[in-house]
Amino acid sequence: MKVRRISLLTLIAGASLAFSAAAAEVPNLERGRALYENHCLVCHTSKVHRRNPPSAIDTEALRFIVKVWVEEQKLRWSEEDIEDVVQYVNSTYYRFSK
């Protein structure tokens, strides 16, 4: 009985860790929107995303641009914050494939 209980606890703990890791990888679009609206819209409007030719040509370029501005503005964003903003901007303005 004790062996089964330990195995069950191990299984539950492993599943919990896997779920936490998977949840951390899913971008939070609402958080991305909030960060974008509070930090990016201060200097520019959505018109910046309709430039011709566009600055961002794919998701990697968009991520690079966001990282440059995070450093430029000395924001203390985590990689998760950056990814949330990238995914929010992509889903709202660009719709690049992943």
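Is Glu37 buried, partly exposed or exposed? Glu37 is partly exposed, with a relative accessible area of 36%. Keep in mind that you're looking at a predicted model.

**The overall build**

Let's step back for a moment. The chain has 4 helices and 0 strands, so if you read along the sequence you get the pattern α-α-α-α. Out of the 98 residues in the chain, 24% are buried.

**Salt bridges**

A search of the whole structure turns up 6 salt bridges. Here are three of them, with the distance from N to O:

| Side chains | Distance (N to O) |
|---|---|
| Glu37 and Arg33 | 2.5 Å |
| Glu60 and Arg63 | 2.5 Å |
| Glu83 and Arg63 | 2.8 Å |

Start with Glu37 and its partner. Glu37 and Arg33 sit 4 residues apart in helix α2, so about one helical turn separates them. Arg33 is partly exposed too, with a relative accessible area of 27%. There's a third member here: Glu30, Arg33 and Glu37 are linked in a network of salt bridges.

Now hop over to helix α3, where you'll find both Glu60 and Arg63, 3 residues apart, or about one turn of the helix. Glu60 is exposed, at 54% relative accessible area. What about Arg63, buried or exposed? Arg63 has a relative accessible area of 14%, and because anything under 20% counts as buried, Arg63 is buried.

Arg63 also shows up in the last row of the table, where its side chain meets that of Glu83 in a salt bridge. This pair links distant parts of the chain: Glu83 is in helix α4, Arg63 is in helix α3, and they're 20 residues apart. Glu83 itself is partly exposed, with a relative accessible area of 24%.

**The largest pocket**

Next up is some empty space. The largest pocket has a volume of about 440 Å³. Its lining is made of 22 residues, and Tyr36, Cys40, His44, Ile65 and Trp69 lie nearest the centre. Which helices each supply at least two residues of that lining? They're α2 (29-39), α3 (59-72) and α4 (79-94). Helix α3 gives the most, with 5 residues. Sort the lining by class and you get 16 nonpolar, 5 polar and 1 charged residues.

**A patch on the surface**

Trp69, one of the residues nearest the pocket's centre, lies in helix α3. Trp69 also joins Phe64 and Val68 in a nonpolar patch on the surface. Together, the three have about 340 Å² of accessible area.

Conventions:
Residues are numbered from 1 along each chain as its sequence is written. This is a predicted model: local features need pLDDT of at least 70, side-chain atom pairs count only at pLDDT 80 or more; totals for chains, interfaces and linings use all residues. Side-chain values use heavy atoms; hydrogens and water are left out. On a 1 Å grid over the protein atoms alone, a cavity is a set of points where a 1.4 Å probe fits but cannot get out, and a pocket is an open set with protein on both sides within 12 Å along at least five of seven lines; lining residues have an atom within 4 Å of a point. Grid points are joined across faces, edges and corners, and a volume is the space filled by probe spheres set on the points. Ala, Val, Leu, Ile, Met, Phe, Trp, Tyr, Cys and Pro count as nonpolar, Asp, Glu, Lys and Arg as charged, and the others, Gly among them, as polar. Patches are made of residues with over 30% relative accessible area and no salt bridge: like charges are joined within 9 Å, nonpolar side chains (Val, Leu, Ile, Met, Phe, Trp, Tyr) within 5 Å. Accessible areas come from the Shrake-Rupley method with a 1.4 Å probe; for residues, only the protein chains shown count as cover. A salt bridge is a side-chain nitrogen of Lys or Arg within 4 Å of a carboxyl oxygen of Asp or Glu. Buried means under 20% relative accessible area, exposed over 50%, partly exposed in between (1.4 Å probe, protein chains only).
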